[in-house]
Number of protein chains: 2
Amino acid sequence: MLLFWERGYEGTSVGDLSEALDIGKPSLYAAFGNKENLFLEALQLYENTYGCFSPNALNDAPTARIAFAETLRRNAESQLNPDTPPGCFIVLAATVGTPQNAEVRAHLTRRRQATRDHLAARLTRGIADGDVPAGADPQAVATFYATVINGLAIEARDGARQADLDRIVTGALAAWDSLVGA
Amino acid sequence: MLLFWERGYEGTSVGDLSEALDIGKPSLYAAFGNKENLFLEALQLYENTYGCFSPNALNDAPTARIAFAETLRRNAESQLNPDTPPGCFIVLAATVGTPQNAEVRAHLTRRRQATRDHLAARLTRGIADGDVPAGADPQAVATFYATVINGLAIEARDGARQADLDRIVTGALAAWDSLVGA
DNA sequence: ATGATTTTCTACCGATCAGTATAAAACCGT
DNA sequence: ACGGTTTTATACTGATCGGTAGAAAATCAT
């Protein structure tokens, strides 16, 4: 997971993984089948542990605004966890590459779309709960914050510090009223 | 340029380039030296033609706010130019990869930093011109909008449409007053 | 048109890629 | 201790990587 996170799907060879895990390549293939499946299991592990996006933080908060604030703050923090490579695995590991790995990229695109859908659903609930104006466009607002989350991954890779990311989050949250049409 | 743009640095082989240009590999090497230099020349061509960020649009506008609005709108449009791959070359072509290509990634990181610096410089000028509050933090504001620009590249790659990107830009601009401390 | 120069084509280099055949070694219940 | 099973280490496959040697072909000045 850490190697895929640091170098991406195509930047990580099965030999690298075999060496890092101190396990022979045949054992690796016996356990995971092939490189793509191994990557998908690493992605699953990522989402279950260090994942930069937490649906729980989104749903547990009492209002949509608080939920988004908490989600973005956690996101900014997890993107610079000193124990792991900077930036979000899902955003960075496979955005471009060879045609033969298109399926891996499509899988990560679907994960990013899932994040967008989670954000939009929380806004829809906020409208139902009455803490978001009825005229708000959940898809549009969700896409804006998803864009910020994606952009944070690049910033983190470029060497941004925690204070930098926190300021970005604060700026994004400042747009809330205008975005939801308050 | 189009191949590197579509597939990234490591996702594009010299054989692919040789075939696409209908030029033998030895001719390619005679003209460009090696793959890395060829990539840097493709990047130069990108910045001179389709580049998603235009310093001119930033400096020609009368106020910083208008400059940022124009810059972001042009950016959102160029990221979905139907004649070229979606998303910004500089953001997408090499964000992760093998250690041996670290220098290529560092080069693109420097280009992204240059964009950030351009944005900050325009804000500093805005303060001098009096159209931006004196208390504004140019670096912080510039980093926020750079993050949005980076995030747009991912959105474009994920299949966003022009209206989607335009809404993101509108949302980002809505945060202006709060960001500059008006 | 000719001799010299440049360009291009074919074929190759060693290294590395994802993936595997084979056989030794470790483990297991009995 | 033993036969049967699983795991592991070595060594390999064909394909592709970035890059190049050497010969053929096209170009050029005269």
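Begin with chain A coloured by secondary structure: from the N terminus on, its elements run α-α-α-α-α-α-α-α-α-α-α, which amounts to 11 helices and 0 strands. Keep in mind throughout that this is a predicted model. If you now show the C-alpha trace of chain A alone and turn it along its principal axes, you will find that it spans about 60 × 30 × 30 Å. Of the 182 residues in chain A, 52% are buried, and among the contacts in this chain with a separation of 6 or more, 66% are between residues 24 or more positions apart.

**The aromatic cluster of chain A**

Next, select A:Phe4, A:Trp5, A:Tyr9, A:Phe39, A:Tyr46, A:Tyr50 and A:Phe89 and show their side chains, since ring pairs link these residues into a cluster. Over all chains, the structure holds 24 aromatic pairs. One of them is formed by A:Trp5 and A:Tyr46, whose rings meet edge-to-face, at 4.8 Å centre to centre and with 80° between the planes. This pair links distant parts of the chain, with A:Trp5 in helix α1 (residues 2–7) and A:Tyr46 in helix α4 (residues 35–48), 41 residues apart. Both A:Trp5 and A:Tyr46 are buried.

Stay with A:Tyr9, a member of the cluster, and add A:Lys35 to the selection: A:Lys35 lies over the face of the A:Tyr9 ring, at 4.5 Å from the ring centre. Moving to chain B, select B:Tyr9 and B:Lys35, where the charged end of B:Lys35 sits over the ring of B:Tyr9, 4.5 Å from its centre.

**The surface near DNA strand C**

Now display DNA strand C together with the residues around it, which from chain A are A:Thr12, A:Ser13, A:Val14, A:Lys25, A:Pro26, A:Tyr29, A:Asn34 and A:Lys35, and from chain B are B:Gly24, B:Pro26 and B:Ser27. Sugar and phosphate account for 60% of the strand C atoms that come within 4 Å of the protein. By class, the residues of this surface are 4 nonpolar, 5 polar and 2 charged. Helix α3 (25–32) of chain A and helix α3 (25–32) of chain B each supply at least two residues, and α3(A) gives the most, with 3 residues.

Three contacts deserve a closer view. At A:Thr12, a backbone N or O atom lies 3.5 Å from a phosphate oxygen of DNA strand C. At B:Ser27, an N or O atom of the side chain is 3.4 Å from a phosphate oxygen of DNA strand C. At A:Lys25, by contrast, the partner is a base oxygen of DNA strand C, which is 2.6 Å from an N or O atom in the lysine side chain.

**From A:Lys25 back to A:Ser18**

For the last stop, keep A:Lys25 in view and select A:Ser18, which is found in helix α2 (residues 14–21) of chain A. The side chain of A:Ser18 reaches the backbone nitrogen of A:Lys25 at 3.5 Å, and a polar atom of that side chain lies 2.5 Å from the backbone oxygen of A:Ile23. Leaving aside residues up to four places away in sequence, A:Ser18 touches A:Ile23, A:Gly24, A:Lys25 and A:Leu28. Is A:Ser18 buried or exposed? A:Ser18 counts as buried, because its relative accessibility is 11%, and the cut-off for buried is under 20%.

Definitions and conventions. Residues are numbered from 1 along each chain as its sequence is written. Chains are lettered from A and ligands numbered from 1 in the order in which they are written. This is a predicted model: local features need pLDDT of at least 70, side-chain atom pairs count only at pLDDT 80 or more; totals for chains, interfaces and linings use all residues. Side-chain values use heavy atoms; hydrogens and water are left out. Rings of Phe, Tyr and Trp (its six-membered ring) pair if their centres lie within 6.5 Å; planes under 30 degrees apart count as stacked, over 60 as edge-to-face and the rest as tilted. Helices (H or I, at least four residues) and strands (E, at least two) are DSSP runs, numbered from the N terminus. Buried means under 20% relative accessible area, exposed over 50%, partly exposed in between (1.4 Å probe, protein chains only). A charge sits over a ring if NZ of Lys or CZ of Arg is within 6 Å of the ring centre and within 35 degrees of the ring normal. A residue is near a molecule or strand if one of its heavy atoms lies within 4 Å of it. A polar contact is a pair of N or O atoms within 3.5 Å; within protein, one must be able to donate a hydrogen and the other to accept it, and residues adjacent in sequence count only if both atoms are side-chain atoms. Ala, Val, Leu, Ile, Met, Phe, Trp, Tyr, Cys and Pro count as nonpolar, Asp, Glu, Lys and Arg as charged, and the others, Gly among them, as polar. Contact means heavy atoms within 4.5 Å.
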